[in-house]
Amino acid sequence: MRNVNGEYLVGLGSYDMTGPAAGVNMMGYGNMDQVTQGIHFRLRARTFIVAESVQGPRFAFVNLDAGMASQLVTIKVLERLKSRYGELYNEENVAISGIHTHAGPGGYLQYVIYSVTSLGFVPQSFDAIVNAIELSIVQAHDNLKPGSILINTGDLDSAGINRSPSAYLFNPSEERAKYTRNVDTLMTLLKFVDLKSGKSIGAFSWFATHGTSMSRDNKLISGDNKGAAARFFEDWFSSSIKNYSTSTHRKVKESRIKATGGQTCTKTASQSSKVRKNDRSKFVGAFCQSNVGDVSPNVLGAFCLDSGNPCDFNHSSCNGNDQLCVGRGPGYPDEILSTKIIGERQFKKAVDLFTSAEEEITGKIDYRQVYINFTDIEVVLDGNKVVKTCPAALGPGFAAGTTDGPGVFGFQQGDTEINEFWKKVRDAIKEPSEYQVDCQKPKAVLLDTGEMFWPYAWAPAVLPIQMLRLGQLVILSVPGEFTTMAGRRLREAVKETLISNGNGEFNNNTNIVIAGLTNTYSQYITTFEEYKQQRYEAASTLYGPHTLSAYIQEFKKLAQSLAKGDKSVAKRLSPPDLSSVQLSLLIDPSGDTPPPGVKFGDIKLDVKNGPLKKGDKVNATFWSANPRYDLLTEGTFALVEMLQGDIWIPVYDDDDFSLYFKWEGPLYSSKGSYGLATIEWEVPREASPGVYRLRHYGSYKTTKDSPVTYFTGTSSGFNVNR
């Protein structure tokens, strides 16, 4: 049998999921002012599928360059998969997990609390994600072939710190003594190998650190540090992507190469110019999220903006002001450099694990999944004491935000009381029931989201939990952000249950991985002890002080079922599909027209003359239209071209870390609205000397109902020296 010999069917896939690059609120920080204004690098959905055989058990794991999974996204993806494959892929054996970037377009979750800042549901964001997940799974399915899988683990101690260390200290000292750090440093990596050719075809890794290297003020779409790590890893594996021969370079005086002016082009022109064309055969490298709740990539610590001193330890504030306490990444004050550094640290560790991987995955593929109403679970604690979870609620520490992204003035992490003004504001929205107030203690209820249903549900009640087995690896799909210690307790409880019920199939070498923010989103999960301090993570633990105990209890039931081979897991509930009641208040662009005497694609500000060296920046600004008319999926808004002989060759696009597409608009003239697109390139170390130019692709409509017209234009040429 394949699973006994370590041979499986393995398939990988990847697809562009970059959403609207203009005017859409980003998901993560809850900052109304943080709306998309361009792209740093594109977002992708990356999938692996493993199967014991053509007819045997299988599962699909999807890693999204998104803030988190969405229940509505999951529902619609499963509907599409059912229409393609019948029951082959379903809610039990498909996991959709977010990397937790805070720099992706929002508006794709179905509950009100997650769509307030995006002005409701944004169909374009939603469709981009659903399409990408579906097509990445289709690719992986079509690519299924005999393969082997290797697993490796190792510690990375420089990519995350605990942003709530005072809450961590609330955990029992004897428990803390078992660990050397107050964050998990273990990275777990799977390496996928084509059995016939012996070539590696992909790698997925899990490691806990927040996607908050890019700040709440950033407006460029970005996969943050994990998206960057994936880009670096895939480019490292396909290192020939930038190896251009210098033998055909012509020595051309840059002043002779003028800007082309705006020109019409085809819909597929930008896809044809893409440097990394999606030919379904490329190496797929994914960096997945884990128990990330209290782990920050801003590893230099949190400091006060006014004094430069470290923030208050217990409240992460500066003289009572939470907005002045901000974490610093390793590239401080350059957030893009911080993103690069934390991404590189994960990438380099993954390369180390990838190149040294020797342990082969063998054994069964299996899975369990169940939906549970988390607002009313009876939890049996040690000593047979019975407690209950609560309807969802958020405390004042939620409003304070974190050191990664400070929140509203007047709140601090650790607040357990609400002043009279905010109580009146709260009660005007929804006064919590006495039951809710008592159930959530010591959290003070600031937003009673679990008891708010107008215009539709504000928070989830029914959540999925899922367990995927791949030989000696077990993946726990959780719909939220477990803190470090909460994740440790869950892993230990599951492993103990598997070992004690598995008839020797599981042992201490069984690898248990938490896949955070998977299948839907329900915010945070702290330990009972951390909940007492009511820092941000505890104030955002929706279902009360016993939330973690409920997860452990229910996951132990799945683990027991998996270990015993018992598939009779109770299917009690299904989550609601709220697509029919979603409100969408964001206005779509209704037609763009360039100013008189100008064409879209014309240069407004050309590149500066003079040769460039490595590390220099060059930019050009084009007359352009709103990038929401066409997302140019698997294409590019920005391009760097290099002259080779008489031909301009694409060498960098808006999927490169060195190239930026920046959008400004809408602007207005006597003829209508338009925008400006700035293409900025930081010449990377590996760039070959020669002649280059910048190109912009875009599209527009003259009215809301007119057809889309595609355009392009280039800058003048410029030289890059050695």
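Good morning. I begin with a pair of charged residues in the interior: Asp 404 is buried, and Arg 163 is buried as well. The model I am presenting is a predicted one. In this model, Asp 404 forms a salt bridge with Arg 163, and their closest N and O atoms are 2.9 Å apart. Asp 404 sits in the loop between α9 (396-400) and α10 (420-430), while Arg 163 sits in the loop between β9 (161-162) and α4 (165-168), so the salt bridge ties together parts that are 241 residues apart in sequence.

Let me compare this with a second pair. Asp 376 and Lys 388 also meet through their side chains in a salt bridge, at 2.6 Å from N to O. Here the partners are twelve residues apart, with Asp 376 in the loop between β18 (365-373) and β19 (378-380) and Lys 388 in strand β20, residues 386-388. Are these two residues buried, or do they reach the surface? Asp 376 has a relative accessible area of 44%, and because the partly exposed class runs from 20% to 50%, Asp 376 belongs to that class. Lys 388, with a relative accessible area of 33%, is likewise partly exposed.

A third pair is found between Asp 438 and Lys 441, whose side chains form a salt bridge at 4.0 Å, N to O. In this case both residues are exposed. Side chains of opposite charge can pair when their charged atoms come close. How many salt bridges are there? The count comes to 45.

I turn now to the chain as a whole. The protein chain contains 15 helices and 34 strands. Its C-alpha trace spans about 85 × 65 × 50 Å along the principal axes. For 722 residues, a compact globule would be expected to have a radius of gyration near 27 Å, and the 26 Å of the protein chain agrees with that. Of the 722 residues, 63% count as buried. Considering contacts between residues at least 6 apart in sequence, 78% of them join residues at least 24 apart. The accessible surface amounts to about 26900 Å², and carbon and sulfur atoms account for 50% of that.

Next, the interior. The largest nonpolar core has 116 residues, and those with the most contacts inside this core are Ile 133, Phe 555 and Trp 681. Helix α15 gives the most to this core, contributing nine residues. Apart from this core lies another, of 27 residues, including Leu 12, Ile 151, Leu 190 and Leu 473. To return to Ile 133: what does this residue touch, once its neighbours within four places in sequence are left aside? Ile 133 is in contact with Ala 45, Val 62, Leu 64, Val 73, Val 77 and Ile 96.

Nonpolar side chains also appear at the surface. Met 32, Leu 119, Leu 583 and Leu 585 make a nonpolar surface patch of about 370 Å². Within this patch, Leu 585 comes from the loop between α15 (547-564) and β26 (603-605). Leu 585 counts as exposed because its relative accessibility is 60%, and the class begins over 50%.

I close with one further residue. Asp 352 lies in helix α8, residues 335-356, and counts as partly exposed at 37% relative accessibility. Its C-alpha atom is separated by 38 Å from that of Ala 539, a residue 187 positions away along the chain. Thank you for your attention.

Note on methods: Residues numbered from 1 in each chain as written. Predicted model: local features only at pLDDT ≥ 70, side-chain atom pairs only at ≥ 80, totals over all residues. Heavy atoms only, no water. Patch = residues over 30% accessible without salt bridge, like charges linked within 9 Å, V, L, I, M, F, W, Y side chains within 5 Å. Areas by Shrake-Rupley, 256 points an atom, 1.4 Å probe, with all protein chains shown as cover. Helix = DSSP H or I, 4+ residues; strand = E, 2+ residues; numbered from the N terminus. Buried < 20%, exposed > 50% of the residue type's maximum accessible area, 1.4 Å probe, protein only. Rg over C-alpha atoms; globule rule 2.2 N^0.38 Å. Contact = heavy atoms within 4.5 Å. Core = buried A, V, L, I, M, F, W, Y, C linked by side-chain atoms within 4.5 Å.
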